[in-house]
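Please look through the sequence and the structure shown below before reading on. The report that comes after them is meant to be read with the structure open.

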Amino acid sequence: MTTATLEFSAGQRVLCRPGVSDPNLRAWDAADELLLDEALRRVHAGDRVLVVDDQFGALTLGLSDYAPVSVADSAVLGGALSANISLNPDIPSAVQLASWLNPPQGPFDLIVMRVPRQSEYLAWLLRWVNSALADNGCLLAGGMIKHLPDRSVDVFAEAMPTEAVLPARKKARVVVCRRGEASLAGWSGLWKGYSVPDVPVAVEAMPAVFARDRLDIGTRELLPLVAPAVARLPSGARVLDLACGNGILGLAALACRDDIRVEFADVSAQAVASVRHNLKRCGFEARASVCHADGVDRGAGNYQLILLNPPFHEGGVVSDHIALRLFRDAARHLEPEGTLLMVGNRHLGYHRSLKRYFSSVVQRAASPRFVVFEACL
């Protein structure tokens with residue numbers, strides 16, 4: 001873990017990006033710098049301040065003099081805030097952290113938000129912000145220009161009035177908005193999904209969830225191998241759908257047998273909410289549990305089968321560090337005779353990475369872009 005110092009108009013913060021040793025991967029970018037400068041120019045003593053989808057704590061800790069509430073989809077933020085607070089002992093107050101599983105209550109005078117890469121999640125966020133922003137409140141929404149979603153101008157225009165688009169700086173952009181009328185009530189984009197054989201209902205997901213309206217091509221390679229793997233399990237076996245997304249792999253496992261238990265884990269709060277939604281609609285709630293976590297909780301115990309389609313990017317950074325951490329967690333929580341069944345992009349060479357943690361790694365399926373591996377301790 002490497003640290004660097006973020007300097008801004010109100011001072012400085014020493015920040016790290018947990019789990020990453022590459023000094024080129026900082027805990028903030030130019031969009032955070034621009035958002036902080038503009039927020040500090042506008043905020044007043046006594047204002048209620050909300051930070052939305054801070055990445056690693058730069059915005060939350062940069063605004064710590066105003067005791068902001070911080071809400072994020074990603075469970076990564078909790079660990080990042082803890083690590084970075086320890087590096088900055090002068091932070092004046094404890095951070096109030098929430099997720100979309102327990103969203104904060106408005107109204108807020110100032111909301112500072114990172115613009116997500118997905119246009120549908122942006123549309124959801126802006127409608128939620130309308131419900132949380134004070135009548136005379138202000139939204140500052142910013143991101144790196146190359147990562148702004150397609151149609152972002154239209155998405156903003158459909159949700160709330162734009163007061164100003166600030167000059168770009170270091171390839172970052174900030175938009176200033178006021179509260180609009182668009183709301184989440186009755187919004188057609190809240191849930192999208194698709195059907196697969198043997199799962200009793202369409203598998204649906206909220207806007208922040210990967211591939212929510214189609215079966216992604218990696219999962220398509222892995223899915224046919226789930227039923228045979230589940231069929232070999234003993235009665236009462238524990239299965240983990242790790243980095244579960246909408247839960248399609250674990251739901252398929254539950255549909256195969258009624259004498260196993262499946263646990264789901266994902267870093268995204270909206271993924272967790274989506275899995276709970278799908279479990280209820282399938283009638284599988286009694287045989288499942290869902291955890292909002294960055295990896296596998298240390299107290300989770302061991303599993304006979306772990307299913308995994310790991311993400312290979314974090315924000316705008318493409319890397320294998322997330323997959324490596326998930327492989328490590330899987331090895332720690334696999335029963336001695338258990339199996340990890342995973343799919344990954346062929347070019348990432350996961351067969352080599354898996355061998356760091358597993359004695360047996362066997363290819364079970366492949367396509368031009370994806371490979372499915374079975375790994376055992």
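What follows is a report on helix packing, aromatic rings, burial and backbone geometry in this predicted model.

## Two helices side by side

Two packed helices are described by the angle between their axes and the distance between the axes. Helix H4 covers residues 119-132 and helix H5 covers residues 152-159, and their axes come within 9 Å and cross at roughly 25°. Because angles under 35 degrees count as roughly parallel, H4 is roughly parallel to H5. The crossing of H4 and H5 is a right-handed one. On the side of H4, the contact is made by Ser119, Leu122, Ala123, Leu126, Arg127 and Asn130, while H5 brings in Ser152, Val155, Phe156, Glu158 and Ala159. Sorted by class, this contact of H4 with H5 holds six nonpolar, three polar and two charged residues.

## Aromatic rings

A pair of aromatic rings is described by the distance of the centres and the angle of the planes. The structure contains four aromatic pairs. One of these is formed by Trp100 and Trp128, whose ring centres are 4.9 Å apart and whose planes stand at 70° to each other, an arrangement that is edge-to-face. Trp100 belongs to the loop between strand E5 (96-99) and strand E6 (108-114), whereas Trp128 belongs to helix H4, so the pair ties together parts that are 28 residues apart in sequence. Trp100 and Trp128 are both buried. Together with Tyr121 and Trp124, the residues Trp100 and Trp128 form one aromatic cluster.

## Buried and exposed places

Which residues of helix H8 are buried? They are Ile248, Leu249, Gly250, Leu251, Ala252, Ala253 and Leu254. Seven of the nine residues of H8, which covers residues 248-256, are therefore buried, and the helix is largely enclosed by the rest of the structure.

Single residues elsewhere can be described in the same manner, and the table lists some of them.

| Residue | Relative accessibility | Class and citation |
|---|---|---|
| Asp32 | 0% | buried |
| Ala172 | 0% | buried |
| Arg41 | 59% | exposed |
| Leu101 | 32% | partly exposed |
| Arg151 | 47% | partly exposed |
| Ala243 | 22% | partly exposed |

Asp32 is placed in helix H1, which covers residues 30-42. When its neighbours within four places in sequence are left aside, Asp32 is in contact with Ala27, Gln55, Ala58, Leu59 and Arg114. Arg41 is also found in helix H1, but Arg41 is exposed, with a relative accessible area of 59%. The C-alpha atoms of Arg41 and Ser9 are separated by 9.0 Å, although these two residues are 32 residues apart along the chain.

Ala172 lies in strand E9, which covers residues 172-177. Computed along the sequence, how many residues apart are Ala172 and Ala30? They are 142 residues apart in sequence, and yet their C-alpha atoms are 5.8 Å apart in space. Ala30 is also among the contacts of Ala172, which, with neighbours within four places in sequence left aside, are Ala30, Ala31, Leu34, Gly143, Met144 and Ile145.

Leu101 has its place in the loop between E5 and E6. Not counting residues up to four places away in sequence, Leu101 touches Ala269, Val272, Ala273, Arg276 and His292. Between Leu101 and Ser131, which are 30 residues apart in sequence, the C-alpha to C-alpha distance is 16 Å.

## Backbone geometry

Most residues other than glycine have a negative phi, and most peptide bonds are trans. Against that background, three places in the backbone can be pointed out.

Gly106 and Pro107 are joined by a cis peptide bond, with omega at about 5°. Pro107 is found in the loop between E5 and E6.

Arg151 has a phi near 65°, which is a positive value in a residue other than glycine. Arg151 is located in the loop between strand E7 (133-144) and H5, and with a relative accessibility of 47% Arg151 counts as partly exposed.

Ala243, which is likewise a residue other than glycine, has a positive phi near 55°. Ala243 lies in the loop between strand E12 (238-242) and H8, and at 22% relative accessibility Ala243 counts as partly exposed.

How values were computed:
Residues are numbered from 1 along each chain as its sequence is written. This is a predicted model: local features need pLDDT of at least 70, side-chain atom pairs count only at pLDDT 80 or more; totals for chains, interfaces and linings use all residues. Side-chain values use heavy atoms; hydrogens and water are left out. Axes are lines fitted to C-alpha atoms, for helices over the stretch in contact, and angles run from 0 to 180 degrees between N-to-C directions. Helices (H or I, at least four residues) and strands (E, at least two) are DSSP runs, numbered from the N terminus. Angles under 35 degrees count as roughly parallel, over 145 as roughly antiparallel, 65 to 115 as roughly perpendicular and the rest as oblique. A crossing is left-handed if the near helix is turned anticlockwise from the far one by less than a right angle, and right-handed if clockwise. Contact means heavy atoms within 4.5 Å. Ala, Val, Leu, Ile, Met, Phe, Trp, Tyr, Cys and Pro count as nonpolar, Asp, Glu, Lys and Arg as charged, and the others, Gly among them, as polar. Rings of Phe, Tyr and Trp (its six-membered ring) pair if their centres lie within 6.5 Å; planes under 30 degrees apart count as stacked, over 60 as edge-to-face and the rest as tilted. Buried means under 20% relative accessible area, exposed over 50%, partly exposed in between (1.4 Å probe, protein chains only).
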